[in-house]
Amino acid sequence: MDNDLEFADEEPRVKYSPDNLELLGLNELDPSRVLLECQEYGQKWSPNFEEGGRLPSLWWKCPNGCNADADTTDIEEDSP
Ligand SMILES: [Zn+2]
């Protein structure tokens, strides 16, 4: 894919797992409501669930952009 405008829905979803959280530099503060903390600056956030209670595809992205460039190629994907 070489067109940057075509991304949104084609983005592979990163599975929510302890291993992936570690890979993306995140701490899990509260698993019951998915409260995350960025290991970089301690930014805390909770991703907004999609309709049906599914995590958004970019749930792992720190609001500060610390891990925005993380390479998710080798990260385990959520099964469809
Ligand atoms: Zn951050």
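## A walk around a three-stranded sheet

Start by selecting the three strands: they form an open, antiparallel sheet in the order β1-β2-β3. Look at its two edges, where β1 and β3 each have a single partner strand, so one side of each is left without a neighbour in the sheet. Keep in mind as you go that this is a predicted model.

**The whole chain.** Zoom out and colour by secondary structure. You should find one helix and three strands, arranged along the sequence as α-β-β-β. Now colour by confidence: the chain averages a pLDDT of 85, and 84% of the residues score at least 70. Among the elements, α1 has the lowest confidence with a mean of 94, while β2 has the highest at 97. Of the 80 residues in the chain, 11% count as buried. If you draw contacts with a sequence separation of 6 or more, 43% of them link residues 24 or more positions apart.

**First hairpin.** Select residues 26–30, strand β1, together with β2. Four bridges hold this antiparallel pair together. To find one of the pairings, pick D30 and look across to its bridge partner in β2, L35. Then step into the loop between β1 and β2, where V34 sits. This hairpin has four residues between its strands. What is the phi of V34? It is near 50 degrees, a positive value in a residue other than glycine. That deserves a pause in the viewer, since most residues other than glycine have a negative phi. As for its surroundings, V34 counts as partly exposed because it has 16 C-beta neighbours inside 10 Å.

**Strand β2 and its two faces.** Next, show the side chains of residues 35–38. Which residues lie on the covered face of β2? They are L36 and C38, while L35 and E37 lie on the uncovered one. This fits a familiar rule: in a regular strand the side chains alternate between the two faces of the sheet.

**Second hairpin.** Move on to residues 44–45, strand β3, which runs antiparallel to β2 and is joined to it by two bridges. Pick E37 and you can follow its bridge to K44 in β3. The turn of this hairpin has five residues between the strands, and G42 within it has a positive phi of about 75 degrees.

**The helix.** Now select residues 18–23, helix α1, and centre on L21. Is L21 buried or exposed? With 17 C-beta neighbours inside 10 Å, L21 falls in between and counts as partly exposed. Beyond its neighbours within four places in sequence, L21 is in contact with L26 and E28. Try a distance from L21 to E37 as well: the two are 16 residues apart in sequence, and their C-alpha atoms are 9.8 Å apart.

**The core.** For the last stop, select V14, L24, L26, L36, C38, W59, W60 and C62, the eight residues of the largest nonpolar core. L36 and C38 are the covered-face residues of β2 you met earlier. Such a grouping is in keeping with a general tendency: in soluble globular proteins, nonpolar side chains tend to be buried together. Finish on V14 and display its contacts. Leaving out residues up to four places away in sequence, V14 touches N20, W60, T72, I75, E77 and D78. One of these, W60, is also in the core.

Methods:
Residues are numbered from 1 along each chain as its sequence is written. A residue is buried if 20 or more other C-beta atoms lie within 10 Å of its own, exposed if 12 or fewer, and partly exposed in between; C-beta atoms are placed from the backbone. Two strands pair if DSSP finds at least two bridges between them. Two residues are in contact if their C-beta atoms, placed from the backbone, lie within 7 Å. A nonpolar core is a set of buried Ala, Val, Leu, Ile, Met, Phe, Trp, Tyr and Cys residues joined through C-beta atoms within 7 Å. pLDDT is the predictor's confidence in each residue, from 0 to 100.
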